[in-house]
2 protein chains.
Amino acid sequence: MAALTKNDIKITRTESSKISSIDFNNLAFGQVFSDHMLICDYKNGKWHTPEIVPYSPITLDPSAKIFHYGQSIFEGMKAYKDDKEDVFMFRPMDNVRRLNVSAKRLSIPELPEAYFMEGLKALLEVEKDWIPTAEGSSLYIRPFIFASGKGFHASPADEYKFIICAAPSGAYFSGKVNVLIEETYSRSANGGVGFAKAGGNYAGQFYPTQLAKAKGYQQVIWTDDTTHEFIEEAGAMNVFIRINDTLLTSPVSDRILDGITRKSILQLAEAEGLKTDVRKVKVSELVEASRNGSLKEMFGAGTAAVISPISGFGFRGEDFIIPEQDASFASKLKNRIVAIQTNKVEDPFGWRVKL
Amino acid sequence: MAALTKNDIKITRTESSKISSIDFNNLAFGQVFSDHMLICDYKNGKWHTPEIVPYSPITLDPSAKIFHYGQSIFEGMKAYKDDKEDVFMFRPMDNVRRLNVSAKRLSIPELPEAYFMEGLKALLEVEKDWIPTAEGSSLYIRPFIFASGKGFHASPADEYKFIICAAPSGAYFSGKVNVLIEETYSRSANGGVGFAKAGGNYAGQFYPTQLAKAKGYQQVIWTDDTTHEFIEEAGAMNVFIRINDTLLTSPVSDRILDGITRKSILQLAEAEGLKTDVRKVKVSELVEASRNGSLKEMFGAGTAAVISPISGFGFRGEDFIIPEQDASFASKLKNRIVAIQTNKVEDPFGWRVKL
């Protein structure tokens with residue numbers, strides 16, 4: 001099963017590419033999709049050989065468990081192309097491993113790693129021309145698995161679909177982000193599914209985020225659901241806080257996603273000689289640091305936004321502004337990580353994987 | 001919009017009913033589906049007129065947000081038929097109100113109540129012959145809404161589908177249920193979506209439930225995620241505990257579903273002169289009551305299983321047996337509630353709604 005190679009993957013090409021209709025210099029995030037997708041079915045107790053087919057609608061029974069019981073997981077990754085038209089992925093093995101961590105927690109059958117990796121490579125070869133090269137853009141890749149099996153019994157499905165789609169994309173956020181520290185709503189429970197990239201983790205964030213948006217914030221910073229004293233993550237991003245010259249971020253837990261950008265930043269910062277400290281950070285410490293001027297920076301980190309600088313935060317009706325920094329850690333780290341991703345500099349970490 | 005009546009609903013009948021292929025005396029739960037379904041689309045900022053169509057597959061873009069962000073909610077209800085072929089629903093307005101409570105929390109546009117009620121009535125008229133009459137069986141009805149709108153941005157969809165399907169069903173559980181009191185995994189967070197019937201709440205329970213099943217239990221009893229000291233619910237059911245002659249159940253909260261069967265049982269018990277107490281119940285109190293013999297009964301309550309007696313519970317490696325009771329509260333209450341649902345006795349509460 002795991003012995004699958006790229007050549008085992010049957011490719012059916014579209015008869016009418018829509019690529020000429022796309023303005024690659026004005027891309028939103030995840031709104032247009034490339035011509036093909038990888039699809040792979042789990043049925044009769046096993047994952048079947050993936051195929052590449054034209055990007056096309058999915059047909060499901062109304063009783064498919066995805067509609068009723070939220071059994072779905074996903075990953076987010078990006079592919080880049082350099083001047084020589086060589087294609088690069090960023091730490092793809094970390095995505096497949098995390099997908100299977102999520103799968104286990106959501107009672108979804110784990111996917112053989114080769115199905116993911118060989119499928120991804122085959123898809124990228126077919127979709128090479130869809131990788132944008134304008135600064136800040138990339139081919140956003142969305143591997144996902146959902147329960148397609150039928151029935152209203154509240155139990156795991158007997159059939160699943162693994163799909164990889166790709167969307168040439170621009171920036172996730174335009175400009176800096178103003179965040180609200182949330183004390184009423186929560187993202188995840190102790191012993192829950194917060195560490196997994198499960199669909200349901202995202203839907204639950206929409207309403208509190210809409211409330212925050214109505215108050216002028218773009219994102220919510222989640223705190224722990226027990227005390228609301230500790231900073232957790234930003235829902236679609238992990239959170240970093242620079243106090244004086246130390247870069248802080250919360251340890252991962254069963255409530256916090258083990259972000260690939262997060263861990264890359266930690267490695268990179270250490271290699272650059274920046275001081276890092278992975279520990280729980282109290283909201284009160286953040287507020288105090290802002291008041292006494294030791295709060296220098298705050299930023300979100302995730303695949304979609306890479307590093308997204310935070311301009312300020314709201315807490316209990318008060319707004320805290322984070323002053324602009326010369327030579328910020330955020331811009332330094334972002335430039336370095338993007339340069340590695342796009343093959344502009346050496347990659348001493350072995351993160352970049354050439355197609 | 002809310003002025004919609006049953007006659008506005010266009011009905012397209014199937015050309016080939018599958019009803020003759022169904023063995024109505026041997027029905028599983030939620031495995032076979034009736035010939036038609038109600039479908040209603042939200043697009044361009046509003047819910048459009050529902051239609052009844054043959055039960056048929058749903059076609060969605062691979063980027064539909066249901067696959068990625070778990071934006072889905074549902075309800076569970078049952079329809080019954082009496083000797084005179086009259087059809088009855090049980091507290092249907094409570095379902096539509098709760099659906100809209102769930103909708104708000106999941107950032108799904110609320111559904112006009114008339115769309116639900118008139119749609120449901122129209123569907124039941126078409127599907128009358130699908131209502132089984134064998135003891136313990138009923139037509140299980142599944143109204144649900146999910147995000148059909150496209151795009152990988154983690155934000156609410158711009159399009160949704162509201163569907164009602166029906167499945168002639170037998171019992172959800174066969175026999176008594178043995179439960180495990182869970183202290184590692186949790187169902188919901190303070191400030192989370194546990195009170196909503198959101199798809200994601202169910203997927204997160206599958207893995208811990210599988211672990212419990214491997215140890216010989218059929219269901220998990222969830223405790224609060226902060227201390228694991230308090231009994232919350234059984235995932236697909238609310239939990240009742242009889243200590244001596246008092247029937248205890250946890251108050252609803254942002255973590256616990258406001259079950260329609262739960263509140264019906266409370267009303268019924270009071271009307272029958274049984275002592276009820278809605279308060280938080282400690283696991284230690286349950287264990288102590290079991291040891292000293294004051295624990296008389298324990299049962300789950302929900303639409304699918306109505307009342308499901310619990311034969312015992314496991315806690316920290318120890319198994320506690322709940323002895324059989326003569327004239328149990330569970331059987332008394334279940335018989336009464338089912339008699340009301342099926343039009344066998346008076347309904348002093350006004351719960352039963354005739355089609």
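Here are some questions and answers about how features of this predicted model get their labels.

Q: What makes Lys197(A) a residue to look up in UniProt?

A: The unreviewed UniProt entry puts the feature "modified residue: N6-(pyridoxal phosphate)lysine" at Lys197(A). That note comes from the record, and such annotations may be inferred rather than shown by experiment. In the model, you'll find Lys197(A) in the loop between strand S11 (177-181) and helix H4 (199-214) of chain A.

Q: Why is Lys197(A) called buried?

A: Buried means under 20% relative accessible area. Lys197(A) comes in at 10%, so it counts as buried.

Q: Which residues touch Lys197(A), once its neighbours within four places in sequence are left aside?

A: The list is Ser72(A), Ile73(A), Phe74(A), Glu75(A), Gly76(A), Arg98(A), Ser102(A), Tyr202(A) and Leu257(A). To count as a contact, heavy atoms have to be within 4.5 Å.

Q: How do you know that Glu75(A) and Arg98(A) form a salt bridge?

A: The rule asks for a side-chain nitrogen of Lys or Arg within 4 Å of a carboxyl oxygen of Asp or Glu. Here the N to O distance is 2.7 Å, and the pair is an Arg with a Glu, so it passes. Glu75(A) sits in the loop between S6 and strand S7 (77-81) of chain A, while Arg98(A) is in helix H2 of chain A, so the bridge ties together parts 23 residues apart in sequence. Both Glu75(A) and Arg98(A) are buried.

Q: What makes Glu318(A) partly exposed but Arg291(A) exposed?

A: Exposed means over 50%, buried means under 20%, and partly exposed is in between. Glu318(A) has 34% relative accessibility, so it lands in the middle group. Arg291(A) has 53%, so it is exposed. These two side chains also meet in a salt bridge, at 2.9 Å from N to O. Glu318(A) is in strand S18 (residues 318-321) and Arg291(A) in helix H6 (residues 283-292) of chain A, so the pair links parts 27 residues apart in sequence.

Q: Why do Arg242(B) and Asp245(B) get separate labels for burial?

A: Arg242(B) has a relative accessible area of 7%, so it is buried. Asp245(B) has 48%, so it is partly exposed. Their side chains still meet in a salt bridge, at 2.8 Å from N to O.

Q: How many salt bridges are there over all chains, and how many across the interface of chain A and chain B?

A: The whole structure has 40 over all chains. Across the interface of chain A and chain B, the rule finds zero. What does turn up across that interface is polar contact, with 28 residue pairs (both at pLDDT 80 or more).

Q: What makes up the side of chain A that touches chain B?

A: Its residues split into 30 nonpolar, 24 polar and six charged. The contact as a whole takes 60 residues from chain A and 60 residues from chain B. Together the two chains bury about 5,200 Å², with 63% of it on carbon and sulfur atoms. Phe67(A), Phe152(A) and Phe206(A) supply 15% of the area that chain A buries against chain B, more than any other three residues.

Q: How do you know that Thr223(B) and His228(B) are in polar contact?

A: A polar contact needs N or O atoms within 3.5 Å. The side chains of Thr223(B) and His228(B) are joined at 2.8 Å, so they qualify. The side chain of Thr223(B) also has a polar atom 2.7 Å from the backbone oxygen of Glu182(B).

Q: Is Thr223(B) buried or exposed?

A: Thr223(B) is at 2% relative accessibility, so it counts as buried. Its place is the loop between strand S12 (219-221) and strand S13 (238-243) of chain B.

Q: What makes the phi of Asn44(B) worth a look?

A: Most residues other than glycine have a negative phi. Asn44(B) has a positive value, near 50°, and is not a glycine. Asn44(B) is in the loop between strand S2 (36-43) and strand S3 (46-47) of chain B, and at 72% relative accessible area it is exposed.

Q: Where is Ser107(B)?

A: Ser107(B) is in the loop between helix H2 (92-105) and helix H3 (113-126) of chain B. Its phi is positive, about 55°, although it is not a glycine. With a relative accessible area of 9%, Ser107(B) is buried.

Notes
Residues are numbered from 1 along each chain as its sequence is written. Chains are lettered from A and ligands numbered from 1 in the order in which they are written. This is a predicted model: local features need pLDDT of at least 70, side-chain atom pairs count only at pLDDT 80 or more; totals for chains, interfaces and linings use all residues. Side-chain values use heavy atoms; hydrogens and water are left out. Helices (H or I, at least four residues) and strands (E, at least two) are DSSP runs, numbered from the N terminus. Buried means under 20% relative accessible area, exposed over 50%, partly exposed in between (1.4 Å probe, protein chains only). Buried area is the accessible area (1.4 Å probe) that two parts lose on being put together, summed over both. A polar contact is a pair of N or O atoms within 3.5 Å; within protein, one must be able to donate a hydrogen and the other to accept it, and residues adjacent in sequence count only if both atoms are side-chain atoms. Ala, Val, Leu, Ile, Met, Phe, Trp, Tyr, Cys and Pro count as nonpolar, Asp, Glu, Lys and Arg as charged, and the others, Gly among them, as polar.
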